[in-house]
Amino acid sequence: MALDTIHLRGLRQNNLQNIDLDLDKRSLIVVVGVSGSGKSSVVFDTIAAEAQRQINSTYTSYAQTYLPSYGRPDADAIENLSAAIVIDQRRLRGGPRSTVGTVTDIGDWLRLLYARAATPTLGSPSAFSFNDPAGMCPRCHGLGKENVIDVDAFVDESRSLREGPFRHPDYRRGTKALRAYLDSGLFDVDVPLDQYSTRELDLLLRGPQANSSRRSPIPDDYEGVLDRFRRVQLAKDPGSLKGQAKRAYEDVVTVGPCSECAGTRLNADARSAVIEDQTLPGLYDLQISDVAEIIRGWRLGPHDAAVKDIIARLERVVDLGIGYLSLSRETSTLSGGEGQRIKMVRHLGSALNDLLYIFDEPTTGLHASDVARLNKMLVALRDKGNTVLVVEHNPEVMKLADRIVEIGPAAGAQGGHLIFDGTYDELLTADTPTGSALRAQDEARRESRRPTGWVAIRHASSHNLQDVSVDIPLGVLTAVTGVAGSGKSSLIHGHLGAVAGDAVFIDQAPINGSRRSTPASWTGILDDIRAVYSRETGQPAALFSPNSDGGCRHCDGTGVVFLDAGFTDPVQLICETCDGRRFRAATEKYTVRDASIADVFEMTFNEAAAFFDIPRLVATLLKAKQVGLGYLRLGQNLTTLSGGERQRLKLARELTSTAPIVVLDEPTTGLHMSDVHNLIDLLHHIVDSGRTVITIEHDLSLIAAADYVIDLGPDGGHDGGRLQYAGPSRGICQTETRTGAALRRHLDSLQAARACRTPTVTPDSPAANRCC
């Protein structure tokens, strides 16, 4: 029976404090704790890393060079691990050829079906692949896009050839390219181009093919300006261009659908083959829920088994709440939450069991009404005989767990302890941060602020928005809500910036950094700190950078060295020369108020805020404290931060701006319930200072705390994009929208529901666009 338990002894990875833990296999275990407490250190940096390291060690040394490298976790013993499948929030990688269809394998099954059952018959499935020469469009090579010259941006027809009518620097006055047309003798070089005849302008721009009746001979090697630009410039890789050359290219070149395949990526034969009057690219462009409905009606005789399998895969996507996506959607455009659920699709139909599935906050990006469907999937994986390990903050997932483990009690050096191990009911009475947060009553609801003005968005129709007109209030905290794919981001990111003027947008783009990156360098405060030390000591600022003159020579300012251990993974060791402090001794002798720059790197944000007195520097340090990162050390490697910590670090940096409108895209991502309340206090403080805050959000605590709510829906994709509600937050809980129903359940579960005294407000009522 001991083999049915994962034994963990002496876990010391990152901030873990010698934890001992036993986890029952074939159960659903949720790991909780405040951000930075050590949850990820237990689950990902220890359990997942060791499971994957041991699997990789079974391959030959040659094969291991092509596999991810996982170092041995800092632990006394890790026993009885199962093979682990990690489904994290890292964005799906892949170039422009990687789509939802390719990454879920649904595209492969559809190609197989079309190869067997389509009319006309094309034979091999490769004939329907945009990644294979047999099926790809010959013009765009299966990318579905091509670079197009914006003629209006390229040519100024009010100027003559002598004046230089072309805006790209390679074709301006004095260039060899322009001189060829001035000296050709084919044009009146002093007449503005807008006075040329159609035939003359075509000859200049597009070459001689439309001018065969011209009397004067045209040189055999003559080519129009646009043809020449297309041959010389469009053949270049835009990614290789830098600086002015890149800007000049982007000014006159746009990316548009391929003119031959209209963006479908496939050649003419593949585009013409049909099953039940449906082409393959036509199915790719529909949202997945519609594809499932169409294929469900197919009766293809000997191919019905393949149809049944495809339907099952499509339905798994729909069940995970992302049926609004299309199979042609590029994976690089998916959010972290969408990408994580796409990864789940591949495993839900697996016949394997006794695996260890590890999830990183799978409710990220999910509307509260969709969490139940996710929970159903987690239970299904467990009931097939697998161990399911979930890092999560959502109480609805905690309620489902067979067992809850809490790491804490605080973050950073104050965390890393096992402070709870039991059931959800036991957690409700536990004296831990999560237990306290679950028991906490919502604070008394404040009166909604009255807007100081309005920003009008009219007839928004981008993506799936269906002619949405709404007034967004100024001077208040507004939550933009709705299920995933309902049009929230399209409305705010796509239209608000065009009408609101000076606004700062804080999106979900990930923070990237090497092992040289630190919170101090990423937020920009390191420059101010170096300036302080340079001014106070009279030394150059470069001396106080670990990446420049001040860095330890032995470890190159990283604080660690790597020992090559032959055929095994390199071993990371603390640099013995600088003792991991990054700086050389000659640098550390220069101090400010008895603290060297190395001492500053070891300070937390809280300690640094008390140490420095530079207003701009202190403002950033205090913002980090306000978003719950006061415990982070300034010189901590950015790679050791959790996803929630990185999100809040980004928030801290951006909130130092003075833009009158601040837009945040799901700022509660990765936050513990107690940290969400701290964030809400910060957002209210920003509004009280005279600014406007708009959040795109699913978290019900933040929605309840907002002054105003704009709800889109009712569902995702073409079933969304409609205004469901716009008004005070107190009013939405009286509606039958999905957000309103979820908010009522949330307030009831906290025993803090209060009867809304405002009448029911609908989008078309007079109260819809004003605060009561």
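This briefing covers a six-stranded sheet, the helices packed on it, a helix with a buried side, a pocket and one buried serine. The model is predicted. Its six-stranded sheet is open and its pairing is mixed. The second largest pocket holds about 1,200 Å³ of space.

**The sheet**
- The strands run in the order β5-β10-β11-β3-β12-β13.
- At the edges are β5 (residues 84-87) and β13 (residues 417-422), each of which pairs on one side only.
- On average, and with direction ignored, neighbouring strands of this sheet are turned by 20 degrees against each other.
- Strands of a sheet pair through backbone hydrogen bonds, in either the parallel or the antiparallel sense.
- Between β3 (residues 28-32) and β12 (residues 403-408) the sense is parallel, and the pairing extends over four bridges.
- In this pair of strands, V30 stands opposite I404 of β12.

**Helices on the sheet**
- Helix α1 (residues 39-56) packs on the sheet and touches β3, β5, β10 (356-360), β11 (387-391) and β12.
- The direction of α1 makes about 140 degrees with that of β10.
- Helix α14 (residues 336-348) also packs on the sheet, where it touches β5 and β10.
- The direction of α14 makes about 150 degrees with that of β5.

**Helix α12**
- In α12 (residues 288-295), the buried residues are I288, V291, A292 and I295.
- These residues lie on the same side of α12 because they cover an arc of only 100 degrees around the axis.
- The elements that the buried residues of α12 pack against are α3 (100-103), α4 (106-117), α11 (280-285) and α13 (304-319).

**The second largest pocket**
- The pocket, with about 1,200 Å³ of space, is lined by 48 residues.
- L325, R329, T333, E338 and H463 are the lining residues closest to the centre of the pocket.
- Two or more lining residues come from each of α11, α14 and α19 (488-500).
- Helix α19 gives the largest share of the lining, four residues.
- Helix α14, which packs on the sheet, is thus named again among the elements of the pocket lining.

**Serine 701**
- S701 is part of helix α28 (residues 700-705).
- S701 counts as buried because its relative accessibility is 16%, and the cut-off for buried is under 20%.
- Leaving out residues up to four places away in sequence, S701 touches V676, H677, I680 and H746.

Notes. Residues numbered from 1 in each chain as written. Predicted model: local features only at pLDDT ≥ 70, side-chain atom pairs only at ≥ 80, totals over all residues. Heavy atoms only, no water. Buried < 20%, exposed > 50% of the residue type's maximum accessible area, 1.4 Å probe, protein only. Arc of directions from axis to C-beta. Contact = heavy atoms within 4.5 Å. Pairing = 2+ DSSP bridges. Axes fitted to C-alpha atoms, helices over the stretch in contact; angles between N-to-C directions. 1 Å grid on protein atoms, 1.4 Å probe; cavity = no way out; pocket = protein on both sides within 12 Å on 5 of 7 lines; lining within 4 Å. Points joined across faces, edges and corners; volume = space filled by probe spheres on them.
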